[in-house]
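Student: I'd like a close look at one part of this model, the loops and what sits beside them. Please take me through it slowly.

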Amino acid sequence: RIQILFENGMDTALLLQTLANLSLQAANLARVIRSDDDLFELLIASKDQRINGEPDFKTLADVLIQSVFRHGVCSKFPDQNIKVRGEEDGTFPLGNKKISVAIDNDPTNTRRVLGQILARDVVVEKLCEQIHNHVDIIDNQIQAKCSNIPLPPNLEIWIDPIDATKSYISGEPNLDCVTVLVGVHYHGTPIIGIMTYPFLRTQIWGVCFDQHRISNVPNFNGIPKASSVVFSSVSDPESEEMSALLSRAGYEVEAPSGAGNKLGLVIQGLATAYCCPLESTYQWDTCGPHAILKAIGGDIVQLKNPFVSLSYSSSMKPNQRFIAFASRSSLNAILQVITKR
């Protein structure tokens, strides 16, 4: 295989295809871990509470997927200085200690790490097989639309290994909203996004860089198929007031699970916008979907200043309050309603 590396960066198709394949591998891991209920219950760990006060959880799938991504990107592009960041810290708690879940090319090391967490050799072997079973698919759309587009150096990547973790834990019928989110940003601006739905077995991607606006989002012209607005929650006073105004204006108001899922509804035209009047999301939630929205003519802008887009950095602090939309006309119509307060 020919790897096209330009003087100051790399080919868009090469990076996008690599991340798309790692996302498919992540989806395989998510399905394998979720398929064994007895095992799965042992692999759920509590984290600190989220900014909105709700309890947060992580699973071994979260930690493994992030480790697989970091290793996959760094080994594929060792000279490109790509920073890979994610929601997890790379460890999984076991009793009073934390096990570092680091992945390399040696399955023996992987078995050793997993063996510290899992007592069943057959499960260790099953997971090890998926971790080292690299997906190597060539997406013809990526190759046709994104080849020979040079990217700048010093890119940064945000990963949410399992978005909608609570739905992932609860299982059917809530698994359709689970996503693996990958976003690439350059100096704070999202330029590549990939959303993978492990249990729907679908993947959406987009590229928004310089004059390029490329995606595989099918047949969406920016006009939503449904007049609805999704919220993170409608139980807090700010969201309740805003949703009441939108309901009176004829919008259907919903609060489905998962930030990635909500952004995916907007991307696919199944919702007009995603209003987030709380600081309840993080950069790993929005970076990837944001790039896809920009690729199809949308954006994610600050609620307090809709002329300013969300930007990205290394910060682990929550995002500012925002509105996500696929067309500027949709944003303007919603602003007319909610600014009447």
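Tutor: First, a bit of vocabulary: the helices and strands here are DSSP runs, of at least four residues for a helix and at least two for a strand, and they are numbered from the N terminus. Also keep in mind that this is a predicted model.

Now go to Pro173, which you'll find in the loop between α7 and β7 (179–186). Look at the bond just before its ring: Glu172 and Pro173 are joined by a cis peptide bond, with omega at about 5°. Most peptide bonds are trans, and most residues other than glycine have a negative phi.

That second habit has its exceptions here too. Asn154 isn't a glycine, yet its phi is positive, about 60°. Its home is the loop between α6 (140–146) and β6 (156–163). With a relative accessible area of 40%, Asn154 is partly exposed, because that label covers values between 20% and 50%. Asp210, also not a glycine, has a positive phi of about 50°, and you'll find it in the loop between β9 and β10 (212–215). Its relative accessibility is 54%, so Asp210 counts as exposed.

Let's go back to α7 and look at ring partners. The structure holds four aromatic pairs. In one of them, the ring centres of Tyr168 and Phe199 are 6.1 Å apart and the planes meet at 45°, so this pair is tilted. Tyr168 belongs to helix α7 (residues 165–170), while Phe199 sits in the loop between β8 (189–197) and β9 (202–209), so the pair ties together parts 31 residues apart in sequence. Tyr168 itself is buried, because its relative accessible area is 0%.

For another pair, try Tyr274 and Phe322: their rings are edge-to-face, 5.2 Å from centre to centre, with 85° between the planes. Here strand β13 (residues 273–276) supplies Tyr274 and strand β15 (residues 322–325) supplies Phe322, so parts 48 residues apart in sequence are tied together. Tyr274 is buried at 0% relative accessible area, and Phe322 is buried with a value of 0%. Elsewhere, ring pairs link Trp158, Tyr282 and Trp284 into a cluster.

So keep this picture from the loops: a cis bond between Glu172 and Pro173, plus positive phi values at Asn154 and Asp210. Beside them, the ring of Phe199, in a loop, pairs with Tyr168 of α7.

Note on methods. Residues are numbered from 1 along each chain as its sequence is written. This is a predicted model: local features need pLDDT of at least 70, side-chain atom pairs count only at pLDDT 80 or more; totals for chains, interfaces and linings use all residues. Side-chain values use heavy atoms; hydrogens and water are left out. Rings of Phe, Tyr and Trp (its six-membered ring) pair if their centres lie within 6.5 Å; planes under 30 degrees apart count as stacked, over 60 as edge-to-face and the rest as tilted. Buried means under 20% relative accessible area, exposed over 50%, partly exposed in between (1.4 Å probe, protein chains only).
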